[in-house]
Amino acid sequence: MSAKLYSLVDFIKQHYQTTDFLPLHEPRFDQHEKDLVQDCIDSTFVSSVGKYVDQFEQKLAAFTDSKYAIATVNGTSALHIALLLAGVERDTEIITQALSFIATCNAISYCGAEPIFVDVAKQTLGMSPQSLAEFLEQNGQISNNQCYNKQTKKRIAACVPMHTFGHPCEIDTIQAICEQWHIPLIEDAAESLGSYYKNKHTGNFGKLAAISFNGNKIITAGGGGAILTNDEQLAKKAKHITTTAKLPHKWEFNHDQIGYNYRMPNLNAALLCAQLDKLTGFIVNKRETAARYHDWCQKNEITFITEPPHAKSNYWLNAIILPDKTDQQEFLRIANEQGVMSRPVWTLLNQLPMFKHCQTMPQTNAQWLADRLVNIPSSVKKNRINQQTRRWHPQELKN
Ligand SMILES: Cc1ncc(COP(=O)(O)O)c(C=O)c1O
């Protein structure tokens, strides 16, 4: 196995045509970003009011086929507000997956709610509909059109599946289960901008969804996020409470509820407008890298995670599955020693001290993946993107 692991590291370096340090995911900017940011600085409208925030929201809604997009300071705040607007209150419970980034559970905690962990599916890496249904059959009870947990007597106020590494989970089946059990569905689509399930952009299956534009995401402004929704009332409320719940007036300051200072600054939005123009190109480029990884892995009998059935994935972060934990640890050591950044999946959230006590379904698949999975460098290839000036349309990705 060792020889194979060394040659995979060589292949990655060769693919990215570099012997320098290779990060897991680095952003790509060129003159287009510089032009828009310069224009924003020149306008002096660098903060939460400005043309780029509005423009970005419109462009993002169009790209994701969502009726509304509300830009926020980061993905965690987007998720926090999405949960509040779905009716999550103190002392309620939220069903989610333990195989996720900490932000999913942080947002739940900010609401004073607690997570319940179900397993993930091996093929999608996202929430397992079977585990979700099993949990609800064992513990769920409908009363007054709401779902309660028979064990804790608490209301199950939302279900938050996550599209891991950009690969869509079986979101339509999850949506049907949530409907059956009267549980609002919120998609953690932080990683899946540009990913489709059955020709529908992720983030359009639930009441609301959250996207992240953190520095490691497919497009970025250093920090940033967005709430997606197709519900006009929810969109209005989202805009209102992310902008300190200020009542519109030219000079008076009045606020009608506790609000949040979560609005994305215009400066970040300018950068994101430029990034969004390139998004389809980035995805095409990343899908080419994934295809090359897949090809190499097939020839060398290593499992490469490919997009699940019925999905078109943005292949945000590529992942391989090694035979066991020993191989996983060896690859991590070899790759990182050679400057090829690679990492295992996050520590399962149910194992963290803050969430150890939370109700948890068997994590058979999540643990299996945690013991074997490794993320490998996945940035957009530089030499391919530099000359790229044409604008792309998301329609190109759908087929
Ligand atoms: C699954 C998931 N949820 C939420 C977030 C939170 O996004 P942010 O870092 O923009 O707050 C991220 C990314 O960082 C993420 O990967």
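**Close-up views of the ligand site and helix α7**

**View 1. The side chain of Lys-217 places an N or O atom 3.0 Å from an oxygen atom of the ligand.** The model shown here, as in the other views, is predicted. A second polar contact involves the side chain of Ser-212, where an N or O atom is 2.7 Å from an oxygen atom of the ligand. Gly-75 takes part through its backbone: one of its N or O atoms lies 2.7 Å from a ligand oxygen. On its own the ligand has 380 Å² of accessible area, and the protein covers 92% of that area.

**View 2. The shell around the ligand is made up of 15 residues.** Gly-75, Thr-76, Glu-191, Ser-212 and Lys-217 are the closest of these. By residue class, the shell comprises eight polar, four nonpolar and three charged residues. Two helices, α4 (75-85) and α5 (102-110), each contribute at least two residues to the shell.

**View 3. Helix α7, residues 171-180, has four buried residues: Ile-171, Ile-174, Ile-177 and Cys-178.** Viewed along the axis of α7, these buried residues fall within an arc of 120 degrees, so they line one face of the helix. In general, an α-helix has 3.6 residues a turn, so residues three or four places apart point the same way. On the other side of α7, Glu-179 and Gln-180 are exposed.

**View 4. The buried residues of α7 pack against one helix and three strands.** The helix is α6 (129-139). The strands are β6 (156-160), β7 (186-188) and β8 (196-197).

**View 5. Phe-165, in the loop between β6 and α7, has a positive phi.** The value is near 60 degrees, and the residue is not a glycine. Is the side of this loop residue buried or exposed? Phe-165 is buried, having a relative accessible area of 1%; the cut-off for buried is under 20%.

**View 6. His-182 lies in the loop between α7 and β7.** This residue follows just after α7. Although His-182 is not a glycine, its phi is positive, at about 55 degrees. With a relative accessibility of 36%, His-182 counts as partly exposed, because that value falls between the limits of under 20% for buried and over 50% for exposed.

Notes:
Residues numbered from 1 in each chain as written. Predicted model: local features only at pLDDT ≥ 70, side-chain atom pairs only at ≥ 80, totals over all residues. Heavy atoms only, no water. Near = heavy atom within 4 Å. Polar contact = N/O pair within 3.5 Å; in protein donor to acceptor, adjacent residues only side chain to side chain. Areas by Shrake-Rupley, 256 points an atom, 1.4 Å probe, with all protein chains shown as cover. Nonpolar A, V, L, I, M, F, W, Y, C, P; charged D, E, K, R; others polar. Buried < 20%, exposed > 50% of the residue type's maximum accessible area, 1.4 Å probe, protein only. Arc of directions from axis to C-beta. Contact = heavy atoms within 4.5 Å.
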